[in-house]
Amino acid sequence: MSEPRTEARSTAATAGFDRRLLPPMMLGSVLNPVNSTIIAVSLVPIGDALGAPPSQTAWLVSALYLATALGQPVVGRLIDVFGPRRLFLLSTSLVGVAGVVGTLAPNLGVLIASRVLLGFGTCAGYPAAMALLRSEATRTGRDSPGGVLTALAVTNQTIAVIGPLLGGLLIGLGGWRATFALNVPLAAAAVLLGLLRLPKETGTGESPQRGRLAARLDLPGMALFAVTLISLLLFLMNLHLRDWYLLVTAVAASAVFVARELRAPTPFIDLRVLGGNTPLLATYGRALVAYVVSYAFLYGFTQWTEEGFGLSPFHAGLAQIPMFLVAIGVSIVSGRRKGVRGKLLVGGLGQVVACVVMLTLTGDSPVWALVLVALVFGVPQGLNSLALQNSVYFQADPERTASSAGLLRTFAYVGSMVASSTTAASFGRRADTGGMHHLAWVMLGAGVLYLLLTAFDRTLGRATAGDTSAEVPRTS
């Protein structure tokens, strides 16, 4: 079925990965981290301008994560069916619309709506990149994920470094609305690059058939998945017994979802295949645990450096930069090396060591000790994300690469919600040293669990030794 498409492109580039695809892949993948990081410095001026307290402006952060966590596997599935080009163009156009809505927003409600649009609009970048990587492997007959995934990882980490600084510059020049207006030229550039560079064929996707499209997309399955995820994330974002109905709703919806997906002829998430793919399930589990530690450090430790250690917000942001710089360097050095087991083990050890160092910190510790923690955390930050992406590429069913990649991001965002709730429970009303130590113990437990999940996973040694897709049950 894919041979004519492969032959059509074989004259353009036969030696390896078509590097003309890199610009739209990289720009599409950074749209989400750009908006995730810039908002950190925009919350205060937005609250001042719209008269909203922090408890309300926090929804500007949560709205993006909720929409992205839900949208990634959904858009990934659509990419599996329709191919990356159309979904990439549609979603990046939505980013431009969201930028206009946010720039002109008259109140906080409209601004939150624009963040939801941004969340859905930025969903296609990463799954589309993974789908293009898989289609290129099919076209050229060989896998080449190392360099491309490294480029994507380094690009995202670079954006994480400059995002807050860029946000501060934009706010200084044009106010907080400029941080939303930035999405308009970015979206225009992404659409233009997509039109010029992305292949028109459907890539690795299944060929949709008229009259059966809704059944092939499994819209009821998507709706049940949405109810499950939204209920669970809303519960995790504000852990309290009074919200017990959210947890009950999540459990009930997930039970119905599982029952449906096991019987559906073309399920949204093929649990029969996923259930037999233990290596991929273990990767999702590792991703959840790894991002609990990562996000707890990013948000929890930063809060402590301000309230518990006394740094200004600007200097607290500077204290995080060593972590991102080390992460970029580690990604570049390790990106082209085959194998994921070593990266995951070193990443896990880095998390454990950094958490132990955190437990030694107090309000009287020297500043260099804070920098040391950030430097150590840079190692797992650079290794884990890259290794997890590599794992999914080799472990996923090739026909569901995009949706599997989207699901990886969903597990990451669930981890971020767990981290957010744990941070809130640890600090209470003030981010003091006692709360930071409590958070560090939780992070240490998660880090040890991550290390054990990696050390006892014997399938990781085979992950990049060859195309393990042959070991994975196929959907048809």
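## The uncertain ends

Over residues 466–476, pLDDT stays under 50. The model still has 26 contacts beyond four places in sequence for that stretch. Keep in mind that this is a predicted model, so pLDDT, the predictor's confidence in each residue, matters as you look around. The other end of the chain has a stretch like this too: pLDDT stays under 50 over residues 1–13, and here the model has 20 contacts beyond four places in sequence.

How does the chain do on average? The mean pLDDT is 80, and 87% of the residues score at least 70. Going element by element, helix H1 (residues 3–10) has the lowest mean pLDDT, at 46. Helix H8 (residues 177–181) sits at the other extreme, with the highest mean, 94.

## The overall picture

If you go hunting for strands, you'll come back empty-handed: the count is 19 helices and 0 strands. The chain has 476 residues, and 57% of them count as buried. What it does expose comes to about 19400 Å², with carbon and sulfur atoms supplying 68% of that area.

Contacts reach well along the sequence, too. Take the contacts with a separation of 6 or more: 83% of them are between residues 24 or more positions apart.

## Two nonpolar cores

In soluble globular proteins, nonpolar side chains tend to be buried together. Here, the largest nonpolar core has 113 residues. Which of them have the most contacts inside it? They are Met 358, Phe 377 and Met 443.

Met 358 is a good one to click on. Setting aside neighbours within four places in sequence, Met 358 is in contact with Phe 297, Phe 301, Val 373, Phe 377, Met 436, His 437, Ala 440 and Met 443. There's also a second, separate core of 15 residues, and Leu 64, Val 95, Ala 105 and Leu 108 are among them.

## Around helices H5, H8 and H9

Ser 114 has its place in helix H5, which covers residues 108–121. Is Ser 114 buried or exposed? Its relative accessibility is 0%, so Ser 114 counts as buried. Beyond its neighbours within four places in sequence, Ser 114 is in contact with Ala 98, Val 101, Gly 102 and Phe 180.

Helix H8 is home to Ala 178. With a relative accessible area of 18%, Ala 178 falls under the 20% cut-off and is therefore buried. Ala 178 and Thr 103 are 75 residues apart in sequence, yet their C-alpha atoms are 6.9 Å apart in space.

Over in helix H9 (residues 183–197) you'll find Val 184. Its relative accessible area is 35%, so Val 184 is partly exposed. Together with Val 100 and Leu 104, Val 184 forms a nonpolar patch on the surface, and the three share about 260 Å² of accessible area.

## Two salt bridges

How many salt bridges are there? The count comes to 2. One of them pairs Asp 18 with Arg 20, where the closest N and O atoms are 2.9 Å apart. The partners sit in unlike surroundings: Asp 18 is buried, with a relative accessible area of 4%, whereas Arg 20 counts as partly exposed at 41%.

In the other bridge, the side chains of Arg 286 and Asp 457 meet, at 3.1 Å from N to O. This pair links distant parts of the chain, 171 residues apart. Arg 286 belongs to helix H14 (residues 278–307), while Asp 457 is in the segment after helix H19 (433–455). Why do both partners count as buried? Because Arg 286 has a relative accessibility of 0% and Asp 457 has 9%.

## A buried spot in a loop

Last stop: Ile 269, in the loop between helix H12 (244–263) and helix H13 (271–276). Being in a loop doesn't leave Ile 269 out in the open here: Ile 269 is buried, with a relative accessible area of 10%.

What does Ile 269 touch, not counting residues up to four places away in sequence? The list is Phe 225, Phe 257, Glu 261, Leu 274, Arg 400 and Leu 407. Ile 269 and Arg 400 are 131 residues apart in sequence, while in space they are 9.2 Å apart, C-alpha to C-alpha.

Note on methods
Residues are numbered from 1 along each chain as its sequence is written. Side-chain values use heavy atoms; hydrogens and water are left out. Helices (H or I, at least four residues) and strands (E, at least two) are DSSP runs, numbered from the N terminus. Buried means under 20% relative accessible area, exposed over 50%, partly exposed in between (1.4 Å probe, protein chains only). Contact means heavy atoms within 4.5 Å. Accessible areas come from the Shrake-Rupley method with a 1.4 Å probe; for residues, only the protein chains shown count as cover. A nonpolar core is a set of buried Ala, Val, Leu, Ile, Met, Phe, Trp, Tyr and Cys residues joined through side-chain atoms within 4.5 Å. pLDDT is the predictor's confidence in each residue, from 0 to 100. Patches are made of residues with over 30% relative accessible area and no salt bridge: like charges are joined within 9 Å, nonpolar side chains (Val, Leu, Ile, Met, Phe, Trp, Tyr) within 5 Å. A salt bridge is a side-chain nitrogen of Lys or Arg within 4 Å of a carboxyl oxygen of Asp or Glu.
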